[in-house]
Amino acid sequence: MMKVKNKFAAEDHTFVVCAYKESVFLEECIKSLLSQTVKTRVIISTSTPNSWISDIADKFSLAVYINTGKKGISGDWDFAISCVNTALVTLAHQDDIYEPNYIENMLDYMNKAENPILFSCAYSELRDDEKVTLNRLLSIKRILAFPMRVFPDSIAFRRFGLSFGNCICCPSVTYITDIIREHPFESELKSNLDWLQWEKLSKLKGSFLYSSKKLMCHRIHSDSETSRILQNNMRYSEDLIVFQKFWPNILAKRLAKLYSASEKSNY
């Protein structure tokens, strides 16, 4: 058994729900966060304040923080992180739900690592309210994440997995708050700003922690931002930008074409 290195506890973590407009799935997401076996703080961050969000926040007695600064996904995420005063933070996407033991497992991993950078996990998909635990895309992503699971401290192995695709599910990630504040999202990409962030953080010394347990469910639906991007054929150009971080241009173009085609299962 690995030696315990840290002493992160429930009070050291915050879920920030990134709420946008009037999602019919927001309340279900919040309920999953409040139903964790280990209770932590839950707040809401939004750049589109409205009565829908405020009514749900009031129902669960949650604080709402309004981003009046930089807009866009990266601006919203960086603002959300700025709202917390805990050592750990998870950006919960409003459409997704978390299994009750997400926090319990995350803290266990964080406390067994000497120098954690982030924690992520395997996930299921929600399609028409049906949980999908296995399909080709999920299988590929789990294979690409395998090196991180076995060699969490290896920069080479984590970059190898990331060089073939975005194997880290963004809403599954818990960050060390100080590290993510030192390395904000910044990018204006709409679909791959998270993958670009993993590429940047992958160069740091420390652990990319990964649990093979399916600790959350990522919802796939036609109104999601990812689906809109794919339907507008914006994905290839963003995939190419990230692949060029790992590969020569000619290989990056070939990988981007293959990868963009494979992502069509997201809508």
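Buried means under 20% relative accessible area, so keep that cut-off in mind as you look around this predicted model.

**View 1. Asp-239 and Arg-235 form a salt bridge in helix H10.** Both Asp-239 and Arg-235 are buried. Their closest N and O atoms are 2.9 Å apart. Helix H10 covers residues 235-243, and the two partners are separated by about one helical turn because they lie four residues apart in this helix.

**View 2. Arg-127 pairs with Glu-125 in a salt bridge.** Here the closest N and O atoms are 2.8 Å apart. Is each partner buried or partly exposed? Glu-125 has 1% relative accessibility, so it counts as buried, while Arg-127, at 24%, counts as partly exposed.

**View 3. Asp-108 meets Lys-112 through their side chains.** This salt bridge spans 3.3 Å from N to O. Asp-108 is partly exposed at 36% relative accessibility, and Lys-112 is partly exposed at 23%. Why can such pairs form? Side chains of opposite charge can pair when their charged atoms come close.

**View 4. Glu-27, Lys-31 and Lys-59 belong to a network of salt bridges.** If you would like to go looking for others, the count for the model comes to 12 salt bridges.

**View 5. Thr-46 sits in strand E2.** This strand runs over residues 41-46. Thr-46 is buried, with a relative accessible area of 2%. The Thr-46 side chain reaches the backbone nitrogen of Thr-48 at 2.9 Å. Beyond its neighbours within four places in sequence, Thr-46 is in contact with several residues, including Ala-19, Ile-53 and Tyr-65. Lys-59 is 13 residues from Thr-46 along the chain, and their C-alpha atoms are separated by 17 Å.

How values were computed: Residues numbered from 1 in each chain as written. Predicted model: local features only at pLDDT ≥ 70, side-chain atom pairs only at ≥ 80, totals over all residues. Heavy atoms only, no water. Helix = DSSP H or I, 4+ residues; strand = E, 2+ residues; numbered from the N terminus. Buried < 20%, exposed > 50% of the residue type's maximum accessible area, 1.4 Å probe, protein only. Contact = heavy atoms within 4.5 Å. Polar contact = N/O pair within 3.5 Å; in protein donor to acceptor, adjacent residues only side chain to side chain. Salt bridge = Lys/Arg side-chain N within 4 Å of Asp/Glu carboxyl O.
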